[in-house]
Amino acid sequence: MLGVSRQLFRICRRSPVCRRHVVEVMRRSYASQAINQMLLIQQMEMCADQPSRGLIIGVYADEEDKNDAGILTPAGWKYNVQKTNGRLIEVLRMSGPMPRRGEARLLFAIEPERIPYYSVVAVVGLGKECLGYNPYEVLDEQKEAIRRSVAAACRILAELDTDRIEVENCGHAESAAEGAALGIWLYQELRDPKTRIFVPAIDLYATKDEICDIEGWRIGLQKAAAQNLTRQLQEMPSNLLTPTAFAQNVVEVLCKSGVNVEVKVEGWAESQSMHAFLAVGKASCEPPIFLELSYYGTCAEERPIVLVGQGITYDAGGLCLKKKRELFNMRGDMTGAAVVVATCRAVAGLRLPVNIRGLIPLCENVVGCNSFRPGDMVKSMNGKTIEVQCTDHEDVLVLADALLYGQNFCPKCIIDVGTCSGYMRQSLDEAACGVFTNSEILWQQIKHASMHTGDRVWRFPLWNYYTRAVRAGGRSDVQNYGVGRGGRPCKAAAFLREFVPCGQWMHIDATNVMVTNGIDFEYLRRGMAGRPTRTLVEFIAQTICKDTAPKMGK
């Protein structure tokens, strides 16, 4: 028995889990020597297994018909025939109705070998084969079904400590990669390494005689990595991610990707007459910083797309202090800045032939002896006087100067991303971002992009009604809150339009999609959502492709 024990320890020496099981078995003492030896041999067989691998394949079925026998995807059917001799589909049908969209069915040791290559196979529901673009939902339902189901399967397999997960393309490799990479991600940098949740490696499943869409898989991973970078920045506590720390993180992340980063300090902002931006951050001990990102994917003479990201690293509301329940998530008030940073990295990683300028004003809006006050007057870069009616609506003040500065680059278009109004949640909940634009072309392009990514957008009005509301005061040119009841998101956009003198411009309000409940989208855990990063990356990619970019009617 001693020889068997030594052999068992040699097999299990690399696995802490196996060593723990061996110790437990060794502690058991039975009167019969044969029983003790049998237990050790069984434990040795279990520990001798290869590291666990999981496989995810898809099945099409009518969700309304419980008797639908289901049809495996081509890759799934090939695996069923070649590796399991048809056993997989038989066991799947015996296990009950086919999995629905967003569901996964686990089948263990389905291969006939004593030690199967894949210890577990997850069969995910993809809905009907005919799913596609739904004009009423403004969504490609097939791609969204792939994301939801693959993410659900990856999270289940991760809970089983699966070392490696291989995912078949399920009909669209890019969406499968997005679902897998987004689904397994979680923020745990500050946790003890011993208690961190295991994150498995993911890869595309393919056979030798099959044409695999490795390029689509790579694009999906890039987009998912961009959204995960946004989530990481959003989740970082505001005491660790100050404006200075944010700038340091951006330099570290983007300079490796070929994106140039210029860090401009408070004195530079003063020389540019960015008094609206500086007024917001003057109460904090942390100095305001202005980041300028530059990516050149084509000739330098090509006009760039300017991205402006709101960078309030913490928003307490200033003297108009927010309520306690609102303060917790205000570390994410730099969502716009995080989206711009992640988008620039993704564009560089995909090597898109486009020039990008990213402008990120960074500061904190807190209470201090030097806080700006309701009733204060500040001047923007273009000389317009702004009356501060409420210090809790500082978002538009920060973006105003950045929009004016963006005009210096003679851009193709300017897109700003911010979290300007909490009332967006009452309007759209988590379903979509709000979009305000003076260009029908930009609206069609961003809508088209969101249809593919599943991260939808919805257009709000930019009528003169709201412009009159923010110009109504007699003491100044504009007010940061405006008169009248309601329409707060529209008034914020109308205010920003005052600082876009010409050209195509689009404002994205991501307040309502900043945080997710972890239920509505299977590929996003509860917490910061990182939206609308993938939609913005897809938007930029589609503006380059003349064949897919929507055209204005003659």
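Here is a short tour of this predicted model, moving from the whole chain to a few spots to select.

**The whole chain**

Start with everything shown as cartoon. The protein chain carries 19 helices and 22 strands. Now colour by burial: of its 554 residues, 55% count as buried. If you put a surface on, you have about 24,500 Å² of accessible area, with 52% of that belonging to carbon and sulfur atoms. Contacts reach a long way along the sequence too: among those between residues at least 6 apart, 75% join residues at least 24 apart.

**Stop one: strand β3**

Select residues 104–108, which make up β3. Show the side chains and look along the strand. Which of them are buried? Arg-105 and Leu-107 are, and they point to one face. Ala-104, Leu-106 and Phe-108 point to the other face and are not buried. That is a pattern to expect, as side chains in a regular strand alternate between the two faces of the sheet.

Add residues 120–125 for β4, which pairs with β3 in the antiparallel sense over 5 bridges. To find your place in the pair, pick Leu-107: standing opposite is Val-121 in β4.

**Stop two: a nonpolar patch**

Stay with Phe-108, and add Ile-156 and Leu-160 to the selection. Together these three make a nonpolar surface patch of about 270 Å². Where does Leu-160 sit? It is in the loop between α6 (141–159) and β7 (164–167). Leu-160 is partly exposed, at a relative accessible area of 44%.

**Stop three: a three-stranded sheet**

Next, go to β14, β15 and β19, which form an open sheet in that order with mixed pairing. The edges are β14 (377–379) and β19, each of which pairs on one side only. Zoom in on β15, residues 385–387: its pairing with β19 is parallel and runs over 2 bridges. Label Ile-386 and Val-478 here, since they are bridge partners, with Val-478 on the β19 side.

**Last stop: helix α17**

From β19, move to α17, residues 464–471. Buried or exposed: what is Tyr-466? Tyr-466 is buried, and so are Thr-467, Ala-469 and Val-470. Turn the view to look down the helix axis: the buried residues fall within an arc of 155°, so they line one face of α17. On the other side you'll find Asn-464, Tyr-465 and Arg-468, which are exposed.

To see what the buried residues of α17 pack against, show β19 (478–479) and α18 (488–497). That brings β19 back into view, this time as a packing partner of the helix.

Notes:
Residues numbered from 1 in each chain as written. Predicted model: local features only at pLDDT ≥ 70, side-chain atom pairs only at ≥ 80, totals over all residues. Heavy atoms only, no water. Buried < 20%, exposed > 50% of the residue type's maximum accessible area, 1.4 Å probe, protein only. Helix = DSSP H or I, 4+ residues; strand = E, 2+ residues; numbered from the N terminus. Arc of directions from axis to C-beta. Contact = heavy atoms within 4.5 Å. Pairing = 2+ DSSP bridges. Patch = residues over 30% accessible without salt bridge, like charges linked within 9 Å, V, L, I, M, F, W, Y side chains within 5 Å. Areas by Shrake-Rupley, 256 points an atom, 1.4 Å probe, with all protein chains shown as cover. Salt bridge = Lys/Arg side-chain N within 4 Å of Asp/Glu carboxyl O.
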